[in-house]
Amino acid sequence: MTQVFEQSIQINATAAVVERCITDLALMSRWLNPVLRCEPVGEIWSTDIGSESRFIIQIPLVKPTLKSIVVERQPGLVVWEFQGFFQGRDRWECQPVEKGTRLVNRFEFTIPNPLVSWGFNNFAASWTKEDMQAQLRRLKRVAEEVQISQ
């Protein structure tokens, strides 16, 4: 069964600045959950279509990993498709509005393993939703700092 978690936030920064916070690995590391580490597959980080990366959950011993590939890319839009214990897409869309940008994050996924699915739905789903909102708040803070410094 496909699940969808979608959240948005209003950011007082241009869509270009918000997009940069999503596509620049150094800026991403400032707002990404500290338990997650993102690294390129290969030498160079990129959000061009076909670029691959790994999102690694820093749990001692296990370190579950989601392998992702950029499957859709336009100005203000990045969509990662991933395989691993989750299968699905993580969509980040910058929508210019009168006073900045509305950032929409849509996490659409299935969990093929019934045991992992049960555990996620019973123990981690609400935490994941809260964490997505916390990430959006951290991204907002980073983007607004970058906007001010320009």
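# Salt bridges, core and surface of a predicted chain

Student: Let's start at Lys140 and Glu144: which helix do both of them lie in?

Tutor: This is a predicted model, so read everything here in that light. Lys140 and Glu144 sit four residues apart, which is about one turn of the helix. The element that holds both of them spans residues 114–149, and that's helix 3.

Student: How far apart are the closest N and O atoms of Lys140 and Glu144?

Tutor: Those two form a salt bridge, so the N to O distance has to be within 4 Å. Lys140 itself has 22% relative accessibility, which makes it partly exposed. For the pair, the closest N and O atoms are separated by 2.8 Å.

Student: Which residues are joined into one network by salt bridges that share partners?

Tutor: Side chains of opposite charge can pair when their charged atoms come close. Where salt bridges have partners in common, they link up into a network. Here the members are Glu6, Arg106 and Glu108.

Student: How many salt bridges does the chain have in total?

Tutor: To count, you look for a Lys or Arg side-chain nitrogen within 4 Å of an Asp or Glu carboxyl oxygen. Glu72 and Arg91 make the list at 3.9 Å. With that rule, the count is 10.

Student: Which strands do Glu72 and Arg91 come from?

Tutor: Their side chains meet in a salt bridge. The pair connects distant parts of the chain, with the two positions 19 residues apart. Glu72 belongs to strand 4, while Arg91 belongs to residues 87–97, which is strand 6.

Student: Is Arg91 buried, partly exposed or exposed?

Tutor: Arg91 also meets Glu93 in a salt bridge, at 3.3 Å from N to O. Buried would need under 20% relative accessible area, and exposed would need over 50%. Arg91 comes out at 26%, so call it partly exposed.

Student: Now for the inside: which element gives the most residues to the largest nonpolar core?

Tutor: That core has 36 residues, and those with the most contacts inside it are Val18, Ile22, Trp31, Leu103 and Leu139. Elements giving two or more residues to it include strand 1 (3–11), helix 1 (15–23) and strand 7 (100–110). The top contributor gives eight residues, and that's helix 3.

Student: Which leucines does Leu103 touch, leaving aside neighbours within four places in sequence?

Tutor: Leu103 is among the core residues with the most contacts inside it. Its partners include Ile9, Val18, Ile22, Trp92 and Cys94. The leucines on the list are Leu136 and Leu139.

Student: What about the outside: is Leu61 buried or exposed?

Tutor: Leu61 is in the loop between strand 3 (52–57) and strand 4 (65–74). Together with Ile59 and Val62 it forms a nonpolar surface patch of about 360 Å² accessible area. The relative accessible area of Leu61 is 89%, and the cut-off is over 50%, so Leu61 is exposed.

Student: What radius of gyration does the chain have?

Tutor: The chain has three helices and seven strands, running β-α-α-β-β-β-β-β-β-α from the N terminus. The globule rule gives 15 Å for 150 residues, and the chain is close to that, so it is as compact as a globular protein of that length. Its radius of gyration is 15 Å.

Student: And what share of the residues is buried?

Tutor: The chain exposes about 8400 Å², with 55% of that coming from carbon and sulfur atoms. To count as buried, a residue needs under 20% relative accessible area. Of the 150 residues, the buried share is 43%.

Conventions: Residues numbered from 1 in each chain as written. Predicted model: local features only at pLDDT ≥ 70, side-chain atom pairs only at ≥ 80, totals over all residues. Heavy atoms only, no water. Patch = residues over 30% accessible without salt bridge, like charges linked within 9 Å, V, L, I, M, F, W, Y side chains within 5 Å. Areas by Shrake-Rupley, 256 points an atom, 1.4 Å probe, with all protein chains shown as cover. Buried < 20%, exposed > 50% of the residue type's maximum accessible area, 1.4 Å probe, protein only. Rg over C-alpha atoms; globule rule 2.2 N^0.38 Å. Core = buried A, V, L, I, M, F, W, Y, C linked by side-chain atoms within 4.5 Å. Contact = heavy atoms within 4.5 Å.
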